[in-house]
Amino acid sequence: MYVAVKGGEAAIANAHRLLADRRRGDRSVPALRLDQIVEQLALGVDRVMSEGSLYDRELAALAVVQARGDMIEAIFLVRAYRTTLPRFGYTNPLDTGAMQVERRISATYKDLPGGQVLGPTFDYTHRLLDPELAAGAEVETPAQRPVEPEAMPRVSAILAHEGLIEADGEMPLDHVPGDITREPLQFPMARDIRLQALSRGDEGFLLALGYSTQRGYARNHPFVGEIRIGEVELELDVPELPFAVPLGAIRITECQMVNQFKGSAKAPPQFTRGYGLVFGQSERKAMAMALCDRALRAGELGEDIVAAAQDEEFVISHCDNVQATGFVEHLKLPHYVDFQAELGLVRRMRAEYEARENEDRAEEKREAAE
Amino acid sequence: MRGQEAREQAGRKALMATLAHAESDEIARLWNESGLPSEAEFLRGPETGLVTVRGRIGGGGAPFNVGEATVTRATVRLPSGKVGHSYALGRDKDKARLAAIADALWQDPARREAIETKIAAPLRAALDAARETRRVETAATKVDFFTMVRGED
């Protein structure tokens, strides 16, 4: 017999009303505007865009407010919104070499064309809390240095001509880029599909895995060949126009990780590479992505697979925080019937166990008496 | 003939790029000042959808899908019969409408000059100025290395 139980409608409605109230908080404090979040919590907005896999600052800011600053909830909201929109197509691949650079550094070459450009970075700050910021002090305008524009080729292009570094990742000519939003994950997977999954993967998860590779689990001697942040133009081929239509620009972060490689049966000694590309300004995520990308190429490069970060199925199946939170958080939903069934089972097993114990004790007594 | 067609397409594309980068309010303000007509019928949209952004492995290798972005597009027909299109990142339907009208008017040789001077040129000047400001601000954070000589030899 199955008995359906209903209830909680009023409780749920009131809980959501209470949520709205607590989200707004003290009414004597001005409500946040989306433009304030876009401008002043920009990197939080970038994270929601990157892991929500949707480039739209205002929507990401709305998600942050709606989620009361809970980033994974905000990412979930953005992912859900995406599914409501039609798809116009795939853009032409963006060209990070033509980026309007806002930051560009290399840990492998001091003097490279275009130079080391720090941009708006937390690096070299003292990580001391700033009471002046709390007091709302005026902020200086940025310094300017009027210099001639200089080309900034990707570091990988500079390294390439010595032949000691592998080329940008190629796929067979007839390979159509896979799309995890259209097809279910299948293992083993091609590198392009892995990169799509990693680009929207959880920053914390990828950071921890990247860190694990540095600590010796799939050790691979990384250097930051280059990190660049800035805006790149997007173009889309559409049937109604005889040219690729310009869509405007998005800000992205690119990381080229360079790894020493002693060679294997499959490849000679050289520098190999890991690649990171994410929406917004997010170099920690781009670096972590590049470390994981490289670790996951173990099979392709003939390395032993010995650590979690090299295990494609493990990394890719667990890097999506929306899936992860869905499965973990579903545990709090009513499982009354499942639990009743298990309770009955455990009771029976316990009774059997105790009966056995009693029997054994009785047996021991008998043996002792004999 | 070929060259002229290519130039024409380049000009049209350049206008679309400028409009895609510009703010809606700014286009509307310039439009009001220009006295250009804004009468048009929608053939499609304005509608918001997604494009999947593609990157390249290693920066220059095989393409892969990075994520999606919102895009709003519109197609309009002017009373003259000219059809114009617009596409731009974001969800701004007013901008999509004006940009599509601008594209349609631009294809009319009698209107092209007005669109170029009254709409495109001021938008381009503002965009160029903003880009230049960002560029020189970024340039001020470029590291100048110097060498310190230590010891006697």
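**Exercise 1.** In this predicted model, how do the axes of helix α9 (residues 203–214) of chain A and helix α10(A) lie: what angle do they cross at, and is the pair parallel, antiparallel, perpendicular or oblique?

*Solution.* Start with the axes: those of α9(A) and α10(A) come within 8 Å and cross at roughly 55 degrees. Now check the cut-offs: under 35 degrees would count as roughly parallel, and 65 to 115 as roughly perpendicular. The angle fits neither, so α9(A) and α10(A) are oblique to each other. As for handedness, α9(A) passes α10(A) in a left-handed crossing.

**Exercise 2.** Which residues of α9(A) and α10(A) meet?

*Solution.* Take the α9(A) side to begin with: it brings A:E203, A:L206, A:L207, A:L209, A:G210 and A:T213. Across from them, α10(A) offers A:R284, A:K285, A:M287, A:A288, A:M289, A:L291, A:C292 and A:A295. Sort this contact by class and you get nine nonpolar, two polar and three charged residues.

**Exercise 3.** Now try helix α8 (residues 191–199) of chain A against helix α10 (residues 283–295) of chain A: at what angle do the axes cross?

*Solution.* Here the axes come within 10 Å, and the crossing is at roughly 150 degrees. Angles over 145 count as roughly antiparallel, so that's how α8(A) runs relative to α10(A). Handedness next: α8(A) passes α10(A) in a right-handed crossing. Then look at who touches whom: A:R194, A:L195, A:L198 and A:S199 of α8(A) make the contact with A:M289, A:C292 and A:D293 of α10(A). Last step, the classes: this contact has four nonpolar, one polar and two charged residues.

Technical notes: Residues are numbered from 1 along each chain as its sequence is written. Chains are lettered from A and ligands numbered from 1 in the order in which they are written. This is a predicted model: local features need pLDDT of at least 70, side-chain atom pairs count only at pLDDT 80 or more; totals for chains, interfaces and linings use all residues. Axes are lines fitted to C-alpha atoms, for helices over the stretch in contact, and angles run from 0 to 180 degrees between N-to-C directions. Helices (H or I, at least four residues) and strands (E, at least two) are DSSP runs, numbered from the N terminus. A crossing is left-handed if the near helix is turned anticlockwise from the far one by less than a right angle, and right-handed if clockwise. Two residues are in contact if their C-beta atoms, placed from the backbone, lie within 7 Å. Ala, Val, Leu, Ile, Met, Phe, Trp, Tyr, Cys and Pro count as nonpolar, Asp, Glu, Lys and Arg as charged, and the others, Gly among them, as polar.
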